[in-house]
Number of protein chains: 2
Amino acid sequence: MPVIVATFSPKPEHVDEVREALLAAVPEVHKEPGCKLYAVHEAPGKFVFIEEWADDDAVAKHAASPALAEMLQKVDGKLAGPFDIVMLTPLPAGDPARGQLRP
Amino acid sequence: MPVIVATFSPKPEHVDEVREALLAAVPEVHKEPGCKLYAVHEAPGKFVFIEEWADDDAVAKHAASPALAEMLQKVDGKLAGPFDIVMLTPLPAGDPARGQLRP
């Protein structure tokens, strides 16, 4: 199942608005077909989504979803640069309960 | 619970050796106290660990663990640059089964 790490770096003066926009999208994205994991995290100066999808088709549908479009529209102009998307292939290993995002 | 995204970028000629070294450490790290998630992923030119730990003390113990030291010794000289560690705070939202790494 494809895994995605997506990083958004807000402008310092827009951190709270970006956090709000990202979190508002989460319940809608969870309803999208094939969404196994869509979780937001924060570090100083950045927000990081960790995502897992059932297959590439689910990723493609998410990329074209209204929830994502609305989120990107809300953060437009509020980021310090382009967001970064890393598409990953899991390499499950060790204890199945700890060695993969979604056992 | 602290979440970590750690990225290793192997030199092209050492991709297979680095993959082997990272995966060999996984079963040992899963036995460390407070390890909730320690999962390896691959993308072209990089390997990405996604980790979750019970608390900061578990992270500190892992940072000093024999399994990690052995892994870092094995990949020494085989990376294209320093590895990147991002320490994250989860922002759980939406469906609890999908909105956080470990519900």
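What share of the contacts in chain A with a separation of 6 or more comes from residues 24 or more positions apart? The figure is 66%. Keep that in mind while selecting pieces of this predicted model.

**Confidence**

Colour chain A by pLDDT to begin. The mean is 97, and 100% of the residues in chain A reach 70 or more. For the model as a whole, the scores are ipTM 0.95 and pTM 0.96.

**Chain A on its own**

Hide chain B and show chain A as a cartoon. Three helices and four strands are there to be found in chain A. Followed along the sequence, they come in the pattern β-α-β-β-α-α-β. The radius of gyration of chain A is 14 Å, close to the 13 Å from the globule rule for 103 residues, so chain A is as compact as a globular protein of that length. Turn the C-alpha trace of chain A onto its principal axes, and its span is about 45 × 30 × 20 Å. A burial colouring of chain A would mark 32% of its 103 residues as buried.

**The strands inside chain B**

Now bring back chain B and hide chain A. Select E1(B), residues 3-8, together with E4(B), residues 84-91. E1(B) and E4(B) run antiparallel and are joined by five bridges. Two residue pairs can be picked out here: Val5(B) has Val86(B) as its bridge partner, and Ile4(B) is bridged to Met87(B).

Add E3(B), residues 46-53, to the selection. E1(B) also pairs with E3(B), again in the antiparallel sense, with six bridges between them. Look for Val3(B), which has Glu52(B) opposite it in E3(B).

**Across the two chains**

Show both chains. How many residues of chain A are in contact with chain B? There are 30, and they meet 30 residues of chain B. On the chain A side, the elements that give two or more residues are E1 (3-8), H1 (15-30), E2 (35-43), E3 (46-53) and E4 (84-91). Select E2(A) among these: with nine residues, E2(A) provides the largest share of that side. Coloured by class, the chain A side shows 20 nonpolar residues, six polar and four charged.

Strand pairing crosses between the chains as well. Zoom in on E4(A) and E2(B), residues 35-43, which are antiparallel and joined by three bridges. Leu91(A) is one of the residues to label, with Val40(B) as its bridge partner in E2(B). Then move to E2(A) and E4(B), where three bridges again hold an antiparallel pairing. At this site Glu42(A) faces Thr89(B) in E4(B).

**The relation between the copies**

Last, superpose chain A on chain B. The operation is a rotation of 180° with 0.0 Å of shift along its axis, and the RMSD is 0.0 Å. That is the relation of a two-fold axis. To locate the axis in the viewer, select Leu101(A): of the residues of chain A, Leu101(A) comes closest to the axis, with its C-alpha at 3.4 Å.

Why can the two copies be said to meet through the same surface? Because 100% of the interface residues of chain A are also interface residues in chain B.

Note on methods: Residues numbered from 1 in each chain as written. Chains lettered and ligands numbered in written order. Predicted model: local features only at pLDDT ≥ 70, side-chain atom pairs only at ≥ 80, totals over all residues. Contact = placed C-beta atoms within 7 Å. Nonpolar A, V, L, I, M, F, W, Y, C, P; charged D, E, K, R; others polar. Pairing = 2+ DSSP bridges. pLDDT = per-residue confidence, 0-100. Least-squares fit on C-alpha atoms with pLDDT ≥ 70 in both. Rg over C-alpha atoms; globule rule 2.2 N^0.38 Å. Buried ≥ 20, exposed ≤ 12 C-beta atoms within 10 Å, placed from the backbone.
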